[in-house]
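Here is a short note to help you find your way around this model. Please keep the viewer open as you read.

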Amino acid sequence: MNVAKLINNQIFIDKITNFYPAVAFPTEGITDEIIEMFDVYKVIETLQCSNLQKVVTIDPILKDGTVYTVEIVNKTQEEIDTEKFAEIREYRNQKLNVSDNYVMSDRWDQYTEEKKSEWRIYRQTLRDLPQIYANNIHS
């Protein structure tokens with residue numbers, strides 16, 4: 001676990017053993033008592049966020065006794081749309097891959113014209129999904 005030390009109003013982040021190489025620290029981790037005793041700060045380097053947010057790296061800041069190297073920001077509408085578009089393409093590709101087995105010539109030749117038409121419509125609809133989404137993204 002990294003900790004932060006404030007030296008000449010600058011934040012330095014490293015392992016506590018590098019700040020204090022002559023001290024034997026417990027292997028189970030750094031406790032709040034150790035942090036207080038050695039005048040270092042906890043460092044937050046990861047955060048959980050929703051699918052409408054993202055974690056971005058920032059210059060270290062000291063806030064409420066903790067040093068943060070990341071923060072949560074809202075995704076732009078463009079980022080949300082791009083991710084949704086990628087999900088739709090992935091869904092489409094998976095469904096097309098699964099349906100490939102059903103339109104191989106050995107099966108295809110055995111289908112009725114009605115069944116062939118259903119498969120053509122289904123697969124074309126899958127191919128059209130990204131464009132359908134793009135056209136209706138903000139409707």
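**Notes on the model**

1. A good place to begin is Ile35, which touches Met1, Ile30, Val40, Tyr41 and Lys42, leaving aside residues up to four places away in sequence. Contact here means heavy atoms within 4.5 Å. Ile35 also belongs to the largest nonpolar core, whose nine residues are Val3, Ile16, Tyr20, Phe25, Ile30, Ile34, Ile35, Phe38 and Val40. Such a core is a set of buried Ala, Val, Leu, Ile, Met, Phe, Trp, Tyr and Cys residues joined through side-chain atoms within 4.5 Å; buried means under 20% relative accessible area, exposed over 50%, and partly exposed in between, with a 1.4 Å probe and protein chains only.

2. A word on what you are looking at: this is a predicted model, in which local features need pLDDT of at least 70 and side-chain atom pairs count only at pLDDT 80 or more, while totals for chains, interfaces and linings use all residues. Residues are numbered from 1 along each chain as its sequence is written, and side-chain values use heavy atoms, without hydrogens and water.

3. Next, the sheet. Five strands form an open sheet in the order β2-β1-β3-β5-β4, with mixed pairing. At its edges are β2 (10–15) and β4, each pairing on one side only. Helices (H or I, at least four residues) and strands (E, at least two) are DSSP runs numbered from the N terminus, and two strands pair if DSSP finds at least two bridges between them.

4. Look now at β4 (residues 53–63) and β5 (residues 66–74), which run antiparallel and are joined by eight bridges. Thr57 has Val70 in β5 as its bridge partner. Two residues lie between the strands of this hairpin, where Asp64 takes a positive phi near 55°.

5. Gln53 lies in strand β4 and stands opposite Asn74 in β5. Is Gln53 buried or partly exposed? Gln53 is partly exposed, with a relative accessible area of 24%.

6. Finally, the axes of helix α3 (residues 77–100) and helix α5 (residues 113–136) come within 9 Å and cross at roughly 170°. Axes are lines fitted to C-alpha atoms, for helices over the stretch in contact, with angles running from 0 to 180 degrees between N-to-C directions. The two helices, α3 and α5, are therefore roughly antiparallel to each other, a label for angles over 145 degrees.

Methods:
Angles under 35 degrees count as roughly parallel, over 145 as roughly antiparallel, 65 to 115 as roughly perpendicular and the rest as oblique.
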